[in-house]
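Student: I have a protein model open and would like to learn to read it. Can we go through it by question and answer?

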Amino acid sequence: MNTVTGQTRPSSVAEPVRRNLFQSMWTHRADYGYVLPAIVVMLIVIAYPVYYTIDLSFFQTPPGLQLRDKKFIGLENYRAILSSAVFWKVTGNTVMWTISSTVIAFLLGLGCALALHREFIGRGVLRAILLIPWVVSAVAASYVWKWLYHSDFGVIGAALVSFGLAERPPNFIDNINTVLPALIVVNIWREFSFAMIMLMAGLQTVPDQLLRAAQVDGASAWQRFWHVTFPHLRGVSTVTILLLAVANFNSFIIPWIMTGGGPSNASPGQVKRTQRRKPADGWRWAGRIFLAVMLVYTVVPMAWMLITSLKTGFAAMMYPPQWWPAEPTLSNYLRLLDPRDTIGQDFLHYFWNSMFVSISTTILAVVVAVPAAYAFSRFRFPGRNFLFFAVLLRNMFPAVIFLVPLFILMRWLGLVNTHGSLILTYLTFGLPLAIWLLKGFYDNIPIQLEQAARIDGATRLQAFLLVVMPLSTPGIIATAIYSFIGAWNEFIYAATFLNKNEQMTLPVGLQRFFAENTTDWPGLMAASFMMSVPVVVLFLVLQRYFVRALTEGAVKH
């Protein structure tokens, strides 16, 4: 009924609405062109596997993925899973792993961010060191911590015995009571850096005037933090906790490499500011002590990796461990870099394969993410919010649920045992955060600059390329850094899609190659160290762009 005239609405009232929607979509067809590449890639590599995974869950599949012989069994797979004691045990471990890792990593990152927010000599160097764990490959981190935890030759056990805290070195990894806490320590080591850099960017947005006004009014350091600083950090804190929780819940590599599932399924299943110098107070000293502890926590694993790589096999197996080799040697590195040696040939193949895949993924990610993020920031086309949410939704799914359908898709496309399968997959999985990061940066660039360019005769594309692109350089560099690091360190899909030695990347080649040489810890540490060097150097050189991109863009939105 028409509320104005009292007459009944015609049944065809929906037709003009649909016609207006289609007309609006046609009017904005050029806008869709900016996001089309990203949407197509996401549909192929995300939407299809999600649908396929759900569909396959209702069937019984014979071994070997003979899908033509699959048998429909309805909800039987779900009933079997929900009635499995192992499933609930693993789920409980995963929940404990996720909550513990997320909360502790966030709090440690917050403490480091607050301590580093003050100006002091060496702050930049200390910040760079504390960021290293987030950049290091989970594979390399797993190996070095597995060596640290070694029940016979591990430095942690030896240190506990030396200080009288244990009668003999504990067996952290093979003990059902200690394996999960031990793995959580490793996971926190890798993730507190991410929380730190996000929160450091958030602290840059807290107005100094408010803090000074609170101090003049007699507020203590804690009161200034709780009533001024923390309310400005709520947005970035929420995003950081969400990203950490999703990453932890979907985690797989550290538990798998270090334990293979753990004893009795005990491991989870899956802008510079200048401030006036003030007298040192209790909070400042507390911050310095905290930073010193975090520095030790950060540096010891990397230092032990380097020290072990300079030892011979015999020296590495000495107990108590040698804190520094009596006769340091570079033989482990020379062997890896020797193309005449079989090990050297394989390692160099893995290295250049990783470099090719990572650079290719980075270039494509920037090419696809930049126009998509610009469109989501500037244009108001029908379905914009839905498409943006759909893109971000990908990160909510664990990587392992895509393994089987993506493998089948890559086999159908003829991409198994090719680097193309990895490039396409890595491109898709890096796009959500890259688009979110860039969109926040574009939101912060005044649109009046583009309007002025349009008045001067520039087309919309010219305004984008000649005005916006140069101003968004930090955001583009941050996107490139994120894409490169993610591609360089990825393990699960590389292990699934590649089984030819000459095609393997470093994370997989490292794991496969040393599987039969588990006693060659010096060689393994040398390979892990060399694998970590490129991404660490890249990030340390360009970290200021990453922090600026977060400060001027993402954390404000």
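Student: Which residues of α15 meet α21 in this predicted model?
Tutor: Look at where helix α15 (residues 342-378) runs beside helix α21 (residues 473-489). On the α21 side, the contact uses I476, T479, A480, S483, F484, A487 and W488. On the α15 side, the residues are F351, S354, M355, S358, I359, T361, T362, A365, V366 and V370.

Student: How many residues of that contact are nonpolar, polar and charged?
Tutor: Sort the residues of α15 and α21 by type. F351 and I476 are among the residues of the contact. The full split is 11 nonpolar, 6 polar and no charged.

Student: At what angle do the axes of α15 and α21 cross, and is the crossing left-handed or right-handed?
Tutor: The two axes come within 8 Å. They cross at roughly 145°. The crossing is right-handed.

Student: Which helix holds the partner of R378 in its salt bridge, E450?
Tutor: R378 and E450 form a salt bridge, with the closest N and O atoms 2.5 Å apart. The pair links distant parts of the chain, 72 residues apart. R378 sits in helix α15. E450 is in helix α19 (residues 447-455).

Student: Are R378 and E450 buried or exposed?
Tutor: Buried means under 20% relative accessible area. R378 has 14%, so R378 passes as buried. E450 has 7%, so E450 also counts as buried.

Student: How far apart are R79 and E76 in sequence?
Tutor: R79 and E76 form a salt bridge, and their closest N and O atoms are 3.0 Å apart. Both lie in helix α3 (residues 76-82). About one helical turn separates them, because they are 3 residues apart.

Student: Why do R79 and E76 count as partly exposed?
Tutor: Partly exposed lies between the cut-offs of 20% and 50%. E76 has a relative accessible area of 38%, so it fits. R79 fits too, because its value is 48%.

Student: What is the N to O distance between R335 and D341?
Tutor: The side chains of these two residues meet in a salt bridge. R335 is partly exposed, at 39% relative accessibility. D341 is partly exposed, at 23%. Their N to O distance is 3.8 Å.

Student: How many salt bridges does the structure hold?
Tutor: Side chains of opposite charge can pair when their charged atoms come close. R335 with D341 is one such pair here. The structure holds 5.

Student: Which residues does S193 touch, leaving out those up to four places away in sequence?
Tutor: S193 lies in helix α8. S193 counts as buried, because its relative accessibility is 0%. Its contacts are L130, L131, P133 and W134.

Student: How far apart in space are T205 and L233?
Tutor: T205 is in the loop between α8 (179-203) and α9 (208-216). T205 counts as partly exposed, at 27% relative accessibility. T205 and L233 are 28 residues apart in sequence. From C-alpha to C-alpha, the distance is 8.6 Å.

Student: Which element has the lowest mean pLDDT, and which the highest?
Tutor: For the protein, the mean pLDDT is 80, and 87% of residues reach 70 or more. Among the elements, the lowest mean is 64, for helix α1 (residues 14-27). The highest is 90, for helix α15.

Student: How many contacts beyond four places in sequence does the model have for residues 270-280?
Tutor: In this stretch the pLDDT stays under 50. The model still gives it contacts beyond four places in sequence. The count is 24.

Definitions and conventions:
Residues are numbered from 1 along each chain as its sequence is written. Side-chain values use heavy atoms; hydrogens and water are left out. Helices (H or I, at least four residues) and strands (E, at least two) are DSSP runs, numbered from the N terminus. Buried means under 20% relative accessible area, exposed over 50%, partly exposed in between (1.4 Å probe, protein chains only). pLDDT is the predictor's confidence in each residue, from 0 to 100. Contact means heavy atoms within 4.5 Å. A salt bridge is a side-chain nitrogen of Lys or Arg within 4 Å of a carboxyl oxygen of Asp or Glu. Axes are lines fitted to C-alpha atoms, for helices over the stretch in contact, and angles run from 0 to 180 degrees between N-to-C directions. A crossing is left-handed if the near helix is turned anticlockwise from the far one by less than a right angle, and right-handed if clockwise. Ala, Val, Leu, Ile, Met, Phe, Trp, Tyr, Cys and Pro count as nonpolar, Asp, Glu, Lys and Arg as charged, and the others, Gly among them, as polar.
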